[in-house]
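Student: Could you take a close look with me at one part of this structure, the place where two helices pack against each other, and then show me what lies around it?

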Amino acid sequence: MYIPKHFQISDEQEAVEFIKRYSFGTLVTTENDLPIATHIPFTVSQRDEQMILTSHIALANPQSKTLLQNRVLCIFTEPHAYISPIHYEKELSVPTWNYLAVHAYGKVELIEDENAKLVMLEDMIRFYNDTAYLDQWTRLPLDFKTRMAKGITAFNIIVDDLQGKKKLSQNRTTIEKDNIIKAFETSADANEKEIGRYMSKEQSAD
């Protein structure tokens, strides 16, 4: 990912927290030089100081056959907002887009044991705080859950490269950033409100 220095997320924990918040990501693999992508939720954990992303896709998904071929890429992004030049001090300006994104690269290890798959599924229910379904899950017949596990390809991604970018008008003047924040604070658009909050937090940290 192209990341100018002033847009870089240099704090790894900040990137991890972003993934936890926006954990519905895009899994990208390649086959015969062709990129393949699936949109799936992930859980995040640590193992021996390494970041682990865990998820699953349908066994019938052709991408299942590509997971071990090369390193994979997981993309996490949201929120984002169009930035109009009307917020800038100079009239001769161009529009842009503010956004946050994290790219995680790593190698896949398959989770093939059926009991381990069931643990993974339960961990995902807990990760997403679905307490109502967790209670239901514990009552489901084991043979039903086992059949479910047989229909998925479960895996861990051992992350070896984490790249984070927050493009929040850091290259603009304080007045221009304040103009954007004020406009977004009263916006009806959820993305603009969220970008405004991120920009305000970034301003406070400076």
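**Two helices and the pockets**

Tutor: In this predicted model, the crossing of α5 and α6 is left-handed. Two packed helices are described by the angle between their axes and the distance between the axes. Here the axes of helix α5, residues 174–185, and helix α6, residues 190–205, come within 8 Å and cross at roughly 140°. On the side of α5, the contact is made by Thr174, Lys177, Asp178, Ile180, Ile181, Phe184 and Glu185, while α6 contributes Glu192, Lys193, Ile195, Gly196, Met199, Ser200 and Gln203. Sorted by class, the residues of this contact divide into five nonpolar, four polar and five charged.

Helix α6 also leads us to the largest pocket, since the largest share of the lining of that pocket, six residues, comes from α6. This pocket has a volume of about 340 Å³ and is lined by 14 residues, of which Glu14, Leu100, Lys166, Tyr198 and Lys201 lie nearest its centre. Both α1, residues 12–21, and α6 supply at least two residues each to the lining. When you sort the lining of the largest pocket by class, you find six nonpolar and eight charged residues, but no polar ones.

The second largest pocket, with a volume of about 160 Å³, has a lining that includes Thr43, Val44, Ser45, Thr54 and Ile111, and also Ala116, Val119, Met120, Asp123, Phe127 and Asn156. The elements that give two or more residues to this lining are β3, residues 43–47, and α2, residues 114–127, and α2 gives the most, with five residues. By class, the lining of the second largest pocket has six nonpolar, four polar and one charged residues.

To finish, let us return to α1 and follow a single residue of that helix, Ile19. Ile19 counts as buried because its relative accessibility is 0%, and buried means under 20%. Leaving aside residues up to four places away in sequence, Ile19 touches Val44, Met51, Leu53, Phe76, Val102 and Leu162. One of these partners, Val44, also belongs to the lining of the second largest pocket. Another partner, Phe76, is 57 residues apart from Ile19 in sequence, yet the two are 6.3 Å apart in space, C-alpha to C-alpha.

Terms used. Residues are numbered from 1 along each chain as its sequence is written. This is a predicted model: local features need pLDDT of at least 70, side-chain atom pairs count only at pLDDT 80 or more; totals for chains, interfaces and linings use all residues. Side-chain values use heavy atoms; hydrogens and water are left out. Axes are lines fitted to C-alpha atoms, for helices over the stretch in contact, and angles run from 0 to 180 degrees between N-to-C directions. Helices (H or I, at least four residues) and strands (E, at least two) are DSSP runs, numbered from the N terminus. A crossing is left-handed if the near helix is turned anticlockwise from the far one by less than a right angle, and right-handed if clockwise. Contact means heavy atoms within 4.5 Å. Ala, Val, Leu, Ile, Met, Phe, Trp, Tyr, Cys and Pro count as nonpolar, Asp, Glu, Lys and Arg as charged, and the others, Gly among them, as polar. On a 1 Å grid over the protein atoms alone, a cavity is a set of points where a 1.4 Å probe fits but cannot get out, and a pocket is an open set with protein on both sides within 12 Å along at least five of seven lines; lining residues have an atom within 4 Å of a point. Grid points are joined across faces, edges and corners, and a volume is the space filled by probe spheres set on the points. Buried means under 20% relative accessible area, exposed over 50%, partly exposed in between (1.4 Å probe, protein chains only).
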